[in-house]
Amino acid sequence: MSDNVLANLEDYHAIYQRACERKGGPNAVESLLSEPLSDNAIAHLGDDRFLAEFSKKVFQSGFVWRVVRNKWPEFERLFFEFTIDKVLMMPDEMLEKRAQDPAIIRNYKKVQTIRENAIMIDAVRREHGSFAQFVANWPANDIIGLWAYLKKHGARLGGNTGPYALRALGKDTFLLTRDITSYFTRRGIISGGVNSKRSLNAIQASFNQLQEQSGRSMQALSMLIAFSVGDNLAS
């Protein structure tokens with residue numbers, strides 16, 4: 001990554017100070033921050049929870065999140081609590097029937113992704129012991145590499161879907177929200193599409209540099225940048 005690009009990046013302390021000014025001081029800021037799970041905790045998650053969260057985020061994409069959350073107990077019931085081996089055995093006819101059930105959101109193409117992502121998880125666990133261990137071992141300083149893996153090998157896990165699922169599961173990751181994307185664009189760190197390889201590499205390098213300065217998680221740094229810009233002023 002070009003030093004000229006990272007030269008446009010603010011020092012961590014400047015970002016933190018502005019976030020404090022906007023949110024009512026250090027105590028207020030710290031109370032708003034959340035932290036990821038440890039790698040050990042992630043490694044002990046069930047692979048069924050990864051399939052469940054991937055599926056939830058696929059259904060929430062382009063839809064009202066609250067409706068999906070309210071229906072989620074029925075998703076769990078109809079898809080065997082997302083047990084990988086059971087989902088893998090679901091034939092097309094069963095998936096079609098589930099997709100017609102009014103207890104869930106009736107979208108057959110999205111229902112199909114449940115089995116497709118179970119296939120991805122199964123392939124990974126055969127090589128790494130568990131999908132959870134695979135995710136736990138992936139370094140946060142190349143989190144965009146894990147995003148790319150999910151996009152390439154999973155179903156409908158590109159864009160923000162994969163990253164939001166990883167954040168919900170406790171994996172240390174930054175997010176490309178509107179405020180964060182705007183920050184990097186205004187600083188001249190990225191130009192054009194935020195999801196281009198060049199832009200993603202520049203953003204990853206920026207977060208890596210901020211982490212070296214601060215020792216904070218990617219998750220906390222992501223939130224601090226969001227607090228430091230945009231319209232989210234403290235009331």
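These legends go with close-up views of a predicted model.

**View 1. Asp48 and Arg49 pair up as a salt bridge.** We start with one of the 10 salt bridges in the structure. The closest N and O atoms of Asp48 and Arg49 sit 2.8 Å apart. Neither end is hidden away: Asp48 is partly exposed, with a relative accessible area of 24%, and Arg49 is partly exposed too, at 29%.

**View 2. Glu74 and Arg77 form a salt bridge within helix 6.** Here the closest N and O atoms are 2.6 Å apart. Helix 6 covers residues 65–78, and the two partners are 3 residues apart in it, so about one helical turn separates Glu74 from Arg77. As for accessibility, Glu74 comes out as partly exposed with a relative accessible area of 28%. Arg77 is partly exposed as well, with a value of 47%.

**View 3. Phe80 and Glu81 sit in the loop after helix 6, each with a positive phi.** Which loop is this? Phe80 has its place between helix 6 and helix 7 (84–88), and Glu81 lies in the loop between those helices as well. Take Phe80 to begin with: phi is positive, about 55°, although the residue is not a glycine. Glu81 also has a positive phi of about 55°, and Glu81 is not a glycine either. Phe80 is partly exposed, with a relative accessible area of 25%, while Glu81 counts as partly exposed at 45% relative accessibility.

**View 4. Arg115 reaches Asp92 through a salt bridge.** The closest N and O atoms of this pair are 2.6 Å apart. The pair ties together distant parts of the chain, with Arg115 in helix 9 (residues 108–128) and Asp92 in helix 8 (residues 92–99), 23 residues apart. Is Arg115 buried or exposed? Its relative accessibility is 19%, and the cut-off for buried is under 20%, so Arg115 counts as buried. Asp92, on the other hand, is partly exposed, with a relative accessible area of 36%.

**View 5. Four charged side chains share a salt-bridge network.** The members to look for are Asp85, Asp122, Arg125 and Arg126, which are linked in a network of salt bridges.

**View 6. Helix 14 crosses helix 15.** Two packed helices are described by the angle between their axes and the distance between the axes. For helix 14 (residues 197–214) and helix 15 (residues 218–227), the axes come within 10 Å and cross at roughly 105°. Angles of 65 to 115 degrees count as roughly perpendicular, so that is how helix 14 and helix 15 lie to each other. Who meets whom? On the helix 14 side, look for Gln204, Phe207, Asn208, Leu210, Gln211 and Ser214; they meet Met218, Leu221, Ser222 and Ile225 of helix 15. By class, this contact has 5 nonpolar, 5 polar and no charged residues.

**View 7. Gln204 in helix 14 is buried.** Zooming in on one residue from that contact, Gln204 has a relative accessible area of 4%, so it counts as buried. What lies by its side chain? A polar atom of the Gln204 side chain is 3.3 Å from the backbone oxygen of Asn141. Leaving out residues up to four places away in sequence, Gln204 touches Ala140, Asn141, Asp142, Ile143 and Ile144, along with Phe174 and Met218. Met218 belongs to helix 15, and is among the residues that the helix 14 side meets there.

Terms used
Residues are numbered from 1 along each chain as its sequence is written. This is a predicted model: local features need pLDDT of at least 70, side-chain atom pairs count only at pLDDT 80 or more; totals for chains, interfaces and linings use all residues. Side-chain values use heavy atoms; hydrogens and water are left out. Buried means under 20% relative accessible area, exposed over 50%, partly exposed in between (1.4 Å probe, protein chains only). Helices (H or I, at least four residues) and strands (E, at least two) are DSSP runs, numbered from the N terminus. Axes are lines fitted to C-alpha atoms, for helices over the stretch in contact, and angles run from 0 to 180 degrees between N-to-C directions. Angles under 35 degrees count as roughly parallel, over 145 as roughly antiparallel, 65 to 115 as roughly perpendicular and the rest as oblique. Contact means heavy atoms within 4.5 Å. Ala, Val, Leu, Ile, Met, Phe, Trp, Tyr, Cys and Pro count as nonpolar, Asp, Glu, Lys and Arg as charged, and the others, Gly among them, as polar. A polar contact is a pair of N or O atoms within 3.5 Å; within protein, one must be able to donate a hydrogen and the other to accept it, and residues adjacent in sequence count only if both atoms are side-chain atoms.
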